[in-house]
Structures are given as C-alpha cells and as structure tokens.
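Subject: Model for your files, with notes

Hello,

Here is the structure I said I would pass on. My notes follow it.

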Amino acid sequence: MELQDILKKTLDLGGSDIFIVPGSPVTAKVRGQMTPLFPERVMPEDTERLIRQTYALAKNRGMEQLLSEGDDDFSFSMERLCRFRCNAYRQRGTLAAAYRVVTFGLPDPRQLAIPDLVIDLSRQRSGMILVTGPAGSGKSTTLACMIDCINRSRAGHIITIEDPIEYLHSHGRSLVSQREVPADAPTFARALRAALRQAPDVIMLGEMRDEETMQTAITAAETGHLLLSSLHTVGAAKTIDRIVDAFPPNQQQQVRIQLSMVLRAVVSQRLVPTVDGGQTPVFEVMTVNSAIQNMIRDGKTYQMDNVIYSGSAAQSMLSMDNELLRLCKEGRIARETAALYAVNPDALRKRLGM
C-alpha cells in the first residue's frame, strides 16, 4: 500500500484520523469508530516507508527531529484534496504516526453545531479567551471559526502562532500572519514575544504549554490585545487551576489577580457519541462577570459551576450538563452517555429519572 492510497481511502470514508502503528492494520477513525483500512498488518519497514513518503509530501522538512528527539509534529497537503496534521513518533524502537484530517476550506460553525454564543465571543476587542477540551475534541476548529469571524467582520492585524498550521486563512478585512513552530519560530514563547512588536490586534496562540508562554500571553491580554488560545483541560474551574498551578507558589496570587482582570471567557468542549453511531460536540461557556472575577481572585474556583448553571438559565452562559440534558431530550444521545460526560453525574441522573 502507498500513503496516497491510505489518505484517499480515509477521505472517501469520511474519516477524521489515521493511525499507522507496526503490528496492526492501518486504521482510520470514522464517526468515532476505529476502522481498519486494509486487512494486512504493517511491519516496521512498512511504517518507516510510509512515514518517509509523508515527509516527502511535507516538502522542505527533514526527519532529523523525529530521529533525534523521538517525535515530530507537522502538516502537509495533498494537492486539490485535503490538508493533514501528522505526529510521527518512535514506539518500541520503531516508527509510527498519527494523522488528523484538516480540510482546505474553513469550517462552517453552523454545520459543526458550534453555538452562536461561542462565535459571538470573537467580538471582544481585548482580553483573553480560552478554548479547552481533551485532545481531538475540536479546539483548533473552534478557534479557526472565531478567527475567520474576526477576519470577515473587522479590519486589523491577526497573528496566529501554531504547531503546526492547520487551517489556512486568506486576507479578508484583516491582514492575517500565520507563524508555525518550529519552522517560523523556535518556540511559542519566542513567537509570542515577537508578535507583541508586530502591531497585532488579535493573537491566536495554538496552545499554552508552559509558564513562560502563559505569562507572556497574560501580558499580551493586559496590554490591549485580544488573545485566543487553547488548553488540554475540561471545565472552566480546572482551566483556571491549571494556569495558576503552572507558576511557583509565590507568584500564584499575582497570577490570579491578573487572570481575573484579563480573562473574558472559557469555552470547554467535548465530542460525545450519538445514538446513530456518530459524534456531536457539547459546549460549556463561562463568560467572566464580577462574581467569576472574585472567585478567580480569591481562589474559589470550585464555586464556578453554580454560577455557570445560573448563567445558563439566563442564556448568558452554557452549562455542560444542561447541554447534555437537551441533547438527551432531543433523542440525539443516550441517557447513559449524558451521565458519563456530565460534570455532576448524580444530579444529571436525577434530572433524567435514572
């Protein structure tokens, strides 16, 4: 089998991910299910050959980082077909790879069931908006939709810093500069510091990975820029705690104060299995009001869920459990699934009569 055959078959099936691991068949994730693309298992020499073909498609990128560091993250495209994000890595002394399908065109938030409340957050002119969730939950897609909304609605300079670049944004009402780590800048922190000298109006940071990047991002939001970024956390409270805990204890109270001033919203999302065998995104949205500001500053993040639930009733926020309940009542997800993904499973079971 050849790499292009694998990629084309995955697209024909509507797959979202591809896994090439020695000792197993090449497998695609299709509507949340793991689907072997070919019956035969691939051996280490097969995976190395397919990964070398991947690097050939990436162009101007060598395998040095993969061979020296043990993993490499990059993107490539098949002409007139699709873009892919690849993470090549070593396991058990052999090479393996995971691929994510990224369409050429920008996603339509309505088709992806992204609520208007999430897209409307892009109207903010300054501060920090965080999109959070597990790996593969669609954070990059949500951020791309928000950047596209800004690009179409107002003039300015948008800078994206990604590893790797997934969605390609053309210039609209705004100018869009897209920088890739490490091809265009060695680290997120370096690219973010440089972005502050590039007259940005909006900065989209693919991920906040370390203390230095987080501190620079907070500073950028303090100085009048709109900063959008993502974290691998679930829920607003855990997101706040994750950021604060990244700093030494003697700095944490200052970070809480800074966050309470610059944070505008936290969007948490998860992909949930549907009754028809597919998946649907479920969102929680916490918009920062005076009550949330006080909780962040005082370290009382455990009280946030109650405020989100109350705000959901007033339609200024979205509660994860309320959204799961809605999908369950619409017959789109099973009651057991709703309870499994709930923030407060016991309370949701009672509301579902389980």
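A residue is called buried here if its relative accessible area is under 20%, exposed if over 50%, and partly exposed in between, with a 1.4 Å probe and protein chains only. The model is a predicted one, in which local features need pLDDT of at least 70 and side-chain atom pairs count only at pLDDT 80 or more, while totals for chains, interfaces and linings use all residues. Residues are numbered from 1 along each chain as its sequence is written, and side-chain values use heavy atoms, with hydrogens and water left out.

Overall

The chain has 14 helices and 13 strands. Both are DSSP runs numbered from the N terminus: helices are H or I with at least four residues, strands E with at least two. Its radius of gyration is 21 Å, which agrees with the value near 20 Å for a compact globule of 354 residues. That radius is taken over C-alpha atoms, and the globule rule is 2.2 Å times the number of residues to the power 0.38. Along the principal axes, the C-alpha atoms fill a box of roughly 60 × 55 × 40 Å. Of the 354 residues, 50% are buried. The exposed surface comes to about 16,300 Å², with carbon and sulfur atoms supplying 47% of it; accessible areas come from the Shrake-Rupley method with a 1.4 Å probe, and for residues only the protein chains shown count as cover.

A contact means heavy atoms within 4.5 Å. Among contacts between residues at least 6 apart in sequence, 54% join residues at least 24 apart.

The six-stranded sheet

Six strands form an open antiparallel sheet in the order 3-2-1-6-5-4. Strand 3 (33-41) and strand 4 (71-78) are at the edges with a single partner strand each, so one side of each has no neighbour in the sheet. From one strand to the next, the twist averages 20 degrees. Helix 2 (residues 44-58) packs on this sheet and touches strand 1 (17-20), strand 3, strand 4, strand 5 and strand 6; its direction makes about 60 degrees with that of strand 4. For such angles, axes are lines fitted to C-alpha atoms, for helices over the stretch in contact, and the angles run from 0 to 180 degrees between N-to-C directions.

Two strands count as paired if DSSP finds at least two bridges between them. Strand 1 and strand 2 (residues 25-30) are joined by three bridges, and Asp-17 has Lys-29 as its bridge partner. These two strands form a hairpin with four residues between them, where Gly-23 in the turn has a positive phi of about 95 degrees. Strand 2 pairs with strand 3 over five bridges, one partnership being Pro-25 with Arg-41. Their hairpin has two residues between the strands, and Arg-31 takes a positive phi near 50 degrees. Strand 5 (residues 82-91) and strand 6 (residues 94-102) share nine bridges, with Asn-87 opposite Ala-98.

The seven-stranded sheet

The second open sheet has seven strands in the order 9-8-10-11-7-12-13, with mixed pairing. Strand 9 and strand 13 (279-287) are its edges, each with a single partner strand, so one side of each is left free of a neighbour in the sheet. Here the twist averages 15 degrees from one strand to the next. Strand 8 and strand 10 are parallel, with four bridges, and Ile-161 is paired with Leu-205 in strand 10. Helix 6 packs on the sheet, touching strand 8, strand 9, strand 10 and strand 11, and its direction makes about 170 degrees with that of strand 8.

Helix 6 (residues 188-195) is mostly covered, with six of its eight residues buried. Among them are Phe-188 and Leu-192. Its buried residues also pack against helix 7 (211-222).

Cysteines and one methionine

How many disulfides does the whole structure have? The search finds zero, a disulfide being a pair of cysteine sulfur atoms within 2.5 Å. Cys-86 is buried at 1%, and its sulfur is 14 Å from the closest cysteine sulfur, in Cys-82, too far for a bond. Cys-145 is buried at 3%; its closest cysteine sulfur, in Cys-149, is 9.3 Å away, also too far.

Met-304 is in helix 11 (residues 304-313) and is buried, at 0% relative accessibility. Beyond its neighbours within four places in sequence, Met-304 contacts residues including Ala-236, Ile-240, Met-286 and Ile-296.

Regards
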